Amino acid sequence: MKWFTGIVCTLFLTAPAFAEKTYSPQEAQEELKQGNSRYMTGKSSHVRIDPVSRERTALFGQKPLATILGCSDARVPPEIVFDQGFGELFVVRVAGNVCSTAELASVEYGVKYLKTPLVVVLGHTHCGAVQAALGNAELKGSLPKLIAMITPAVADAKAKAPKAVADKLLNASIEANVRKTMKDILTNSPGLDEMVRNNKVALVGAIRDIEHGGIVWLKP
Ligand SMILES: [Zn+2]
């Protein structure tokens with residue numbers, strides 16, 4: 001038991017304050033904004049990504065401040081973009097940040113069981129999945145089913161800006177796709193919809209610019 005007591009004492013003494021903090025939806029979003037700002041200015045703080053953090057979260061569990069549903073693209077890692085450490089983000093990643101049953105169940109788990117006060121749907125510029133939907137790419141295997149989930153967002157963007165040139169249309173489609181996923185979450189999860197309506201949880205959309213690293217938070 002001595003070793004166990006030693007670990008617990010060490011962990012309590014060194015555990016950062018975030019472990020006990022409970023965030024409101026607004027505070028959670030502010031923390032993500034500040035984290036992105038630290039990342040953008042080269043002041044990322046990874047002190048929490050160390051053996052002590054690993055042991056602490058293994059012993060005491062996770063208490064993430066936000067659930068992130070983002071694209072699988074290797075250039076958009078949420079923990080780095082938002083400068084967060086072990087146990088701080090509950091991340092669901094899928095190409096094109098779409099929301100089918102598995103993703104929705106994961107988001108529900110993040111909110112209902114891990115009590116995250118904030119859900120972020122995170123798209124990004126130059127998204128290949130949205131590009132594929134926009135270009136009617138010929139795809140094989142299971143990919144057409146995934147891209148079909150993005151096609152309505154592309155159609156929506158085209159309808160709103162029929163004369164938009166390629167780059168603008170892609171960006172408009174990326175935003176429309178984030179908004180579609182947000183709508184899908186609320187439509188297909190009455191429980192989450194009610195929590196959002198009652199301001200127990202905030203659902204926000206964001207797009208990461210992969211060139212300069214910043215986050216654009218979508219207006220409601
Ligand atoms: Zn993508």
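Biologist: Which residues of helix 8 are buried?

Modeller: A residue is buried if 20 or more other C-beta atoms lie within 10 Å of its own, exposed if 12 or fewer, and partly exposed in between, with C-beta atoms placed from the backbone. In helix 8, the buried residues are L170, N171, A172, S173, I174, A176, N177, V178, K180, T181, M182 and I185. Helices (H or I, at least four residues) and strands (E, at least two) are DSSP runs, numbered from the N terminus. This is a predicted model, in which local features need pLDDT of at least 70 and side-chain atom pairs count only at pLDDT 80 or more, while totals for chains, interfaces and linings use all residues. Residues are numbered from 1 along each chain as its sequence is written.

Biologist: How many Å should helix 8 span?

Modeller: The expected span is 1.5 Å times one less than the number of residues. For the 23 residues of helix 8 (166–188) this gives 33 Å, and the end C-alpha atoms are 32 Å apart, which agrees.

Biologist: Where do the buried residues of helix 3 lie around its axis?

Modeller: An α-helix has 3.6 residues a turn, so residues three or four places apart point the same way. In helix 3 (residues 51–60), S53, R56 and T57 are buried. They cover an arc of only 95 degrees around the axis, and therefore lie on the same side of helix 3; the arc is that of the directions from the helix axis to the C-beta atoms. The face turned away from this buried side carries the exposed residues P51, A58 and L59.

Biologist: In what order do the five strands form the sheet?

Modeller: Strands of a sheet pair through backbone hydrogen bonds, either parallel or antiparallel. Here two strands pair if DSSP finds at least two bridges between them. The five strands form an open sheet in the order 2-1-3-4-5, with mixed pairing. Strand 2 and strand 5 stand at the edges, each with a single partner strand, so one side of each is left without a neighbour in the sheet. Strand 1 (residues 66–70) and strand 2 run parallel and are joined by five bridges. G70 stands opposite R93 in strand 2.

Biologist: Is N97 buried or exposed?

Modeller: N97 is buried, because 31 other C-beta atoms lie within 10 Å. N97 is in the loop between strand 2 (89–93) and helix 5 (101–113), and its phi is near 40 degrees, a positive value in a residue other than glycine.
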